Amino acid sequence: MSMSKGETRHPLALAEEALPIRWVFDPGFRAKLLDACGFTCVFCHNEGTPVTSDQVPGTPITAGPGNQSQRVSIYAEKNGVDFLADRMRPDEEFKRVITLLRDKCGLTEMHGTGGEPTLHPQLSELIALAHGAGYRNIGVTSNGENGALALPKAARAGLRKVNFSIFGTTALELAEVQAEKYGRLKLAEKKIVALQRSIEAALESDLKVSANIVVPDESHIERVRHLIERYGRRVEIRLLRSIAEPASANAIWTLLESLGATPVERVDAWNVSGGYKVTYALPDGSTVRLKQIRPVFLPETCGKCPLAPWNGGGCDEGYYGLRLYKAVGGPYMVGVCIQRMDLTMPVDEFVVSELCAEVMRRERRRA
């Protein structure tokens, strides 16, 4: 995890760095399947796009907060985004676009995001088209809103893994990381029950199940401990830093230290940021994984970016890989940075662009 100037490295960070690195290659892209979501997480980046349902036609794009949905997109006010995200449809255009990305960029994995993918009424049809186009390692990130119904059918269509975003084991814990809307505890409790049913459905469908848990600061440590105790034996737990919260990094070290955790394995995807995962063994024999942000930078594009660290900027993610969007009233779009959505362009332009060539040159050099 990144440090501020003069910060002393935590002993667990030093122990991580002493581990041998197993390098892997990530040949996938993230597809924002839809924008709709029933949660209001205070740290949501919403894949860089504003909340579509909160926009008023004919007016400038805004990112909230204080909007009708109470959802946020933490970068959308400043990242230059000039389009809204539409729902992807399992049609010939979707098939053409993902086939083009496969052929031009060598992609073989697709990871569906949102919004909330299990709310997509045609999720299994999208997955079936991707599977038919040669994508074999297909996953989604889900908060479990509709997973009990959607995931079994999606698994039969070719879904292989699901990463659950877990925000609490009780209604009170869930409310801690949600907007005012989830002050209604009965509603929050329904969300908790839906998540539990979704996890059961995923396990029964023989999907690879993991759980992403964001730790914003030390006030959330007990909440996260409860989550690990509840789910750690059944699913792969992944701790994530909140990119919007400077206190998040130290909170994770404090949590791991309190658990008596010991780092035992490090796996790093060399071609994209965020691929740095460290497995920690716990005294009871279970494990948790810490997903780090190890920034990868594109030499030309990032080199001249005002957000780059060497330019004194506030880059939180680096190059995280390709993201696919469907613009409302427009084409499919490819982006390379949720803090620089001005770099996003139509797919057909991207695959013949210098930006695409830069991505491919970097990968060929490492290969």
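Which residues does P27 touch, not counting residues up to four places away in sequence? The first legend gives the answer; the model in every view is predicted.

**View 1. Surroundings of P27 in the loop between β1 and β2.** The loop that holds P27 lies between β1 (21–24) and β2 (28–32). Residues up to four places away in sequence aside, P27 touches G106, L107, T108 and E109. With a relative accessible area of 12%, P27 is buried, because buried means under 20% relative accessible area. A15 is twelve residues from P27 along the chain, and 29 Å separates the C-alpha atoms of these two residues.

**View 2. Strand β11 and its partners β2 and β12.** Strand β11 covers residues 322–326, and five of its five residues are buried. Both faces of the strand are covered: L322, L324 and K326 are buried on one side, and R323 and Y325 are buried on the other. β2 and β11 run parallel and are joined by three bridges; R30 has R323 as its bridge partner in β11. Strand β12 (residues 332–335) runs antiparallel to β11, with four bridges between them. Here R323 has G335 as its bridge partner in β12. The hairpin of β11 and β12 has five residues between the strands, and G329 takes a positive phi near 70 degrees there.

**View 3. Antiparallel pairing of β9 with β8 and with β10.** Strand β8 (residues 262–269) pairs with strand β9 (residues 276–281) over six bridges in the antiparallel sense. Within this pair, Y280 in β9 stands opposite P263. β9 also pairs with strand β10 (residues 287–292), again in the antiparallel sense and over six bridges. V278 has L290 as its bridge partner in β10. The hairpin formed by β9 and β10 has five residues between the strands, and in its turn G285 has a positive phi of about 95 degrees.

**View 4. The buried side of helix α3.** Helix α3 spans residues 123–132, and its buried residues are L123, S124, L126, I127 and A130. These residues lie on the same side of α3, because they cover an arc of only 160 degrees around the axis. In an α-helix there are 3.6 residues a turn, so residues three or four places apart point the same way. The packing partners of the buried residues of α3 are α2 (92–105), β3 (109–113), β4 (137–142), α4 (147–157) and β5 (159–165). Just after the helix, G134 takes a positive phi of about 105 degrees.

**View 5. The buried side of helix α7.** In helix α7 (residues 221–231), the buried residues are I221, R223, V224, L227, I228 and Y231. Their arc around the axis is only 160 degrees, which puts them on the same side of α7. The helices they pack against are α5 (171–176), α6 (185–204) and α8 (248–259), and the strands are β6 (208–215), β7 (236–241) and β10.

**View 6. The largest cavity.** Three cavities of 30 Å³ or more are found in a search of the whole structure. The largest cavity has a volume of about 150 Å³. It is lined by 15 residues, of which C302, C305, C315, C337 and R340 are the closest to its centre. By class, eleven residues of this lining are nonpolar, three are polar and one is charged.

Terms used:
Residues are numbered from 1 along each chain as its sequence is written. This is a predicted model: local features need pLDDT of at least 70, side-chain atom pairs count only at pLDDT 80 or more; totals for chains, interfaces and linings use all residues. Side-chain values use heavy atoms; hydrogens and water are left out. Two strands pair if DSSP finds at least two bridges between them. Helices (H or I, at least four residues) and strands (E, at least two) are DSSP runs, numbered from the N terminus. On a 1 Å grid over the protein atoms alone, a cavity is a set of points where a 1.4 Å probe fits but cannot get out, and a pocket is an open set with protein on both sides within 12 Å along at least five of seven lines; lining residues have an atom within 4 Å of a point. Grid points are joined across faces, edges and corners, and a volume is the space filled by probe spheres set on the points. Ala, Val, Leu, Ile, Met, Phe, Trp, Tyr, Cys and Pro count as nonpolar, Asp, Glu, Lys and Arg as charged, and the others, Gly among them, as polar. Buried means under 20% relative accessible area, exposed over 50%, partly exposed in between (1.4 Å probe, protein chains only). The arc is that of the directions from the helix axis to the C-beta atoms. Contact means heavy atoms within 4.5 Å.
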